[in-house]
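This briefing covers one protein model, with notes grouped by topic. The sequence and structure come before the notes.

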Amino acid sequence: QHLKHTKGLGSWFTGLDAAILKTAPKYMVAVVIKDYMGEYLAPVDPKDKTAVLLKQAKIAVTAGVAGAVLTNPFDVVRNEMFKTEEGMV
């Protein structure tokens, strides 16, 4: 409410454009990496729960790291937008 009264309703959306530019590619990268890694890694016996868990963990870690590394610049932009209260445009 304070932001609405002091800086207007638009202040509620500060950083939204950078957040969208960061989040959408992050999930797209994660899905692509997940699909690629699922095909790239050697198949495991579905009955071997440890092997299945390790394969899924490798895929998840790789997808998470790739998504974070590739979209980190947008996170920096978003944080700077909050500090300076400016938009991307």
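Lys55 lies in helix H3. The model is a predicted one, and Lys55 is buried in it without a salt bridge. The notes below start from this residue and then turn to the fold, the salt bridge and the surface.

**Lys55 and its surroundings**
- The side chain of opposite charge nearest to Lys55 is that of Glu39, 10 Å away.
- A salt bridge requires a side-chain nitrogen of Lys or Arg within 4 Å of a carboxyl oxygen of Asp or Glu, so the 10 Å between Lys55 and Glu39 does not qualify.
- Leaving aside residues up to four places away in sequence, Lys55 touches Gly38, Leu41, Ala42, Pro43 and Val44.

**Overall fold**
- The protein has three helices and zero strands, which gives the pattern α-α-α when read along the sequence.
- Helix H3, which holds Lys55, spans residues 49–84.
- Of the contacts in the protein with a separation of 6 or more, 61% are between residues 24 or more positions apart.
- Buried residues account for 18% of the 89 residues.

**Salt bridge**
- The structure contains one salt bridge.
- It joins the side chains of Asp35 and Lys34, with an N to O distance of 3.6 Å.
- Both partners are partly exposed: Asp35 has a relative accessible area of 41%, and Lys34 has one of 48%.
- Lys34 is thus partly exposed and paired with Asp35, whereas Lys55 is buried and has no salt bridge.

**Surface and nonpolar patch**
- The accessible surface of the protein is about 6800 Å², and carbon and sulfur atoms contribute 66% of that area.
- A nonpolar patch on the surface consists of Val61, Val65, Val69 and Leu70.
- Together, these four residues have about 390 Å² of accessible area.

**Val61**
- Val61, one of the patch residues, is found in helix H3.
- Its relative accessible area is 54%; because the cut-off for exposed is over 50%, Val61 counts as exposed.
- Val61 and Ala30 are 31 residues apart along the chain, and their C-alpha atoms are separated by 9.7 Å.

**Helix H3 in brief**
- Helix H3 contains both Lys55 and Val61.
- Of these two residues, Lys55 is buried and Val61 is exposed.

Key
Residues are numbered from 1 along each chain as its sequence is written. This is a predicted model: local features need pLDDT of at least 70, side-chain atom pairs count only at pLDDT 80 or more; totals for chains, interfaces and linings use all residues. Side-chain values use heavy atoms; hydrogens and water are left out. Patches are made of residues with over 30% relative accessible area and no salt bridge: like charges are joined within 9 Å, nonpolar side chains (Val, Leu, Ile, Met, Phe, Trp, Tyr) within 5 Å. Accessible areas come from the Shrake-Rupley method with a 1.4 Å probe; for residues, only the protein chains shown count as cover. Helices (H or I, at least four residues) and strands (E, at least two) are DSSP runs, numbered from the N terminus. Buried means under 20% relative accessible area, exposed over 50%, partly exposed in between (1.4 Å probe, protein chains only). Contact means heavy atoms within 4.5 Å. Lys and Arg count as positive and Asp and Glu as negative; His and the chain ends are not counted.
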